[in-house]
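Colleague: I have just opened this one and would like a walk through it. Could you start with the overall make-up?

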Amino acid sequence: MTPLPPPRVTATPLLGGPLPAAALHALATRGSGPVSEVRSLLTDRPAATVPHSTPADVFAAIATATDAQRVWARRPERDRRAALARLDRWIARHRTYLGELLAHGSGLCGTDTADELRAAERALRPGRRSVPPRVRELPRTRGVPHARGVPRVRELPRRRPATTVATHTDDSRPLASLLEAAVPALLDGSAVLSHVSPRAAVLAARLCAAAVAAGLPAGIWRLVIAPPGSPTAAVLDEHAETVIPPCCPAPCPGAPRPGLLVVRHDARLRTAVAQAGRACFSRAGQGCTAAPIVAVHDTHHATFQRRLANLAAHLPAGGAPGARSSALSSLPGSGPCADFARFARSIAHDARLHPVLTGGHRPDLAPYVHEPVVARTAPGPGPGPLPDPALLAAIPPGPLALIVRYTHWSDVLALAHHTGRHATLITNGRSAHLAAQFAGLPADDIR
């Protein structure tokens with residue numbers, strides 16, 4: 001059998017030097033796809049060259065993962081948990097290195113990098129604790145007490161784990177999304193094939209290499225490198241036994257719906273401003289959970305607007321992205337940065353909007369950093385505060401807070417028809433009662 005050529009993957013000293021051999025073997029590619037150059041979002045310097053996977057690579061990866069899964073599924077559950085616990089300890093020891101990969105690859109600032117590492121630790125938490133076997137108490141028999149007062153138990157029949165599980169990674173939170181989807185499948189005894197973009201490939205490959213060193217069998221976790229929505233990703237979804245879809249799939253032709261944050265009349269203003277600052281400006285609007293639309297009740301509107309603008313004006317003071325105290329992430333490339341800068345300049349000339357704080361492009365911090373923008377909407381043509389739906393659909397990703405003033409709860413529900421699946425409610429009441437009113441609306445992830 002002719003050996004396959006090594007993958008054409010390089011990583012510059014910017015990303016910690018050449019990747020170890022174990023990281024290269026995690027990639028489901030023979031170097032037959034096109035090669036893309038990944039540039040740092042902090043310096044705009046070349047950071048890595050990464051080949052794309054092809055459908056043939058996917059078939060080979062599924063075959064390799066299937067063989068590894070037979071070995072992995074026969075291991076006791078405590079051994080699988082122990083291996084993932086060792087991976088968790090590796091992440092804890094290499095937080096600085098992983099933070100640099102997140103900063104250069106995804107443009108995350110120091111604050112967002114710390115959040116990403118904490119989310120990764122939460123995703124690996126199931127590996128740190130042992131779960132007792134699923135048991136069921138047998139019905140008591142009259143006149144026959146249980147011996148020594150201990151109920152008789154029996155294990156429930158276990159279902160067969162899926163052989164191969166396909167997962168998809170979010171570029172704005174590559175580490176957490178990679179682990180959140182892969183860890184439950186690995187604990188269950190399945191093989192995982194993770195679809196990652198070229199931008200996240202170096203981070204994902206290094207993590208898979210650490211997983212093998214922690215005790216996972218080689219081939220149990222493979223990476224498919226392809227842009228979102230590519231035919232290679234579709235082939236992976238079609239031929240894997242189980243597919244864990246991304247939280248927010250790549251949008252169909254047309255703009256995605258923005259997220260919504262609602263500040264109710266009974267909300268604590270300090271909490272509302274802090275939460276809105278994270279939802280609107282965190283990760284520069286890259287993540288699917290970003291909420292650029294903020295609906296604020298009349299009770300808090302004026303004070304909330306003033307405090308949020310003050311918070312946004314002081315965010316750049318933390319320094320350049322990547323620094324531990326920085327609070328501004330980079331936009332994901334020159335195109336998105338130019339689009340958002342154009343949108344920020346157009347606010348002053350748009351009759352549908354009133355600027356409150358118009359930030360500018362900050363190449364002195366990093367090539368693709370833009371300061372936060374705060375604006376409020378003009379009243380819509382109909383009843384209630386609903387702005388033009390075409391305006392909502394045209395909002396580019398970026399650090400934006402678009403404040404919509406409302407009086408009645410029905411106004412919020414009308415606005416929710418034009419927003420995305422993520423909605424956040426800031427209230428001192430029971431949000432469970434309010435969440436039920438979103439039934440039938442696009443929002444199905446309400447916090």
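Modeller: The secondary structure of the protein comes to 14 helices and 16 strands, where helices (H or I, at least four residues) and strands (E, at least two) are DSSP runs numbered from the N terminus. This is a predicted model, in which local features need pLDDT of at least 70 and side-chain atom pairs count only at pLDDT 80 or more, while totals for chains, interfaces and linings use all residues. Residues are numbered from 1 along each chain as its sequence is written, and side-chain values use heavy atoms, with hydrogens and water left out.

Colleague: OK, and what percentage of the residues count as buried?

Modeller: Of the 447 residues of the protein, 51% count as buried, and buried means under 20% relative accessible area, with exposed over 50% and partly exposed in between (1.4 Å probe, protein chains only).

Colleague: How are the strands of β8 and its sheet ordered?

Modeller: Four strands form an open sheet in the order β8-β7-β6-β9, with parallel pairing; two strands pair if DSSP finds at least two bridges between them. The edge strands are β8 and β9 (242-243), each of which pairs on one side only. Strand β7 (residues 191-196) is joined to β8 by five bridges, and V196 has I225 in β8 as its bridge partner.

Colleague: Staying with that strand, is V224 buried or exposed?

Modeller: V224, which is found in strand β8 (residues 221-225), counts as buried because its relative accessibility is 0%.

Colleague: And which residues does V224 touch?

Modeller: Leaving aside residues up to four places away in sequence, V224 touches A28, S53, V58, S194, H195, V196, T232 and L236, where contact means heavy atoms within 4.5 Å. Across the protein, residues 24 or more positions apart account for 76% of the contacts with a separation of 6 or more.

Colleague: Is there another sheet to look at?

Modeller: Seven strands form an open sheet in the order β12-β13-β14-β11-β10-β15-β16, and its pairing is mixed. Its edge strands are β12 (353-358) and β16 (445-446), each pairing on one side only. Strand β15 (residues 422-426) and β16 pair in the parallel sense over two bridges, and H422 stands opposite D445 in β16.

Colleague: Changing topic, which residues touch the most other members of the largest nonpolar core?

Modeller: Of the 68 residues in that core, L87, L98, L175, L179, L186, L207 and W221 touch the most other members; a nonpolar core is a set of buried Ala, Val, Leu, Ile, Met, Phe, Trp, Tyr and Cys residues joined through side-chain atoms within 4.5 Å. Helix α7 (residues 201-213) gives the most to this core, with 10 residues. Apart from it lies another core, of 34 residues, among them Y368, L400, A423 and L425.

Colleague: What about empty space inside?

Modeller: A search of the whole structure finds one cavity of 30 Å³ or more, a cavity being a set of points on a 1 Å grid over the protein atoms alone where a 1.4 Å probe fits but cannot get out, and lining residues having an atom within 4 Å of a point. The largest cavity has a volume of about 100 Å³, a volume being the space filled by probe spheres set on the points, which are joined across faces, edges and corners.

Colleague: Which residues are closest to its centre?

Modeller: Of the 15 residues that line the largest cavity, L101, G105, R199, A200 and L203 are the closest to its centre. Helix α4 gives the most to the lining, with five residues.

Conventions
1 Å grid on protein atoms, 1.4 Å probe; cavity = no way out; pocket = protein on both sides within 12 Å on 5 of 7 lines; lining within 4 Å.
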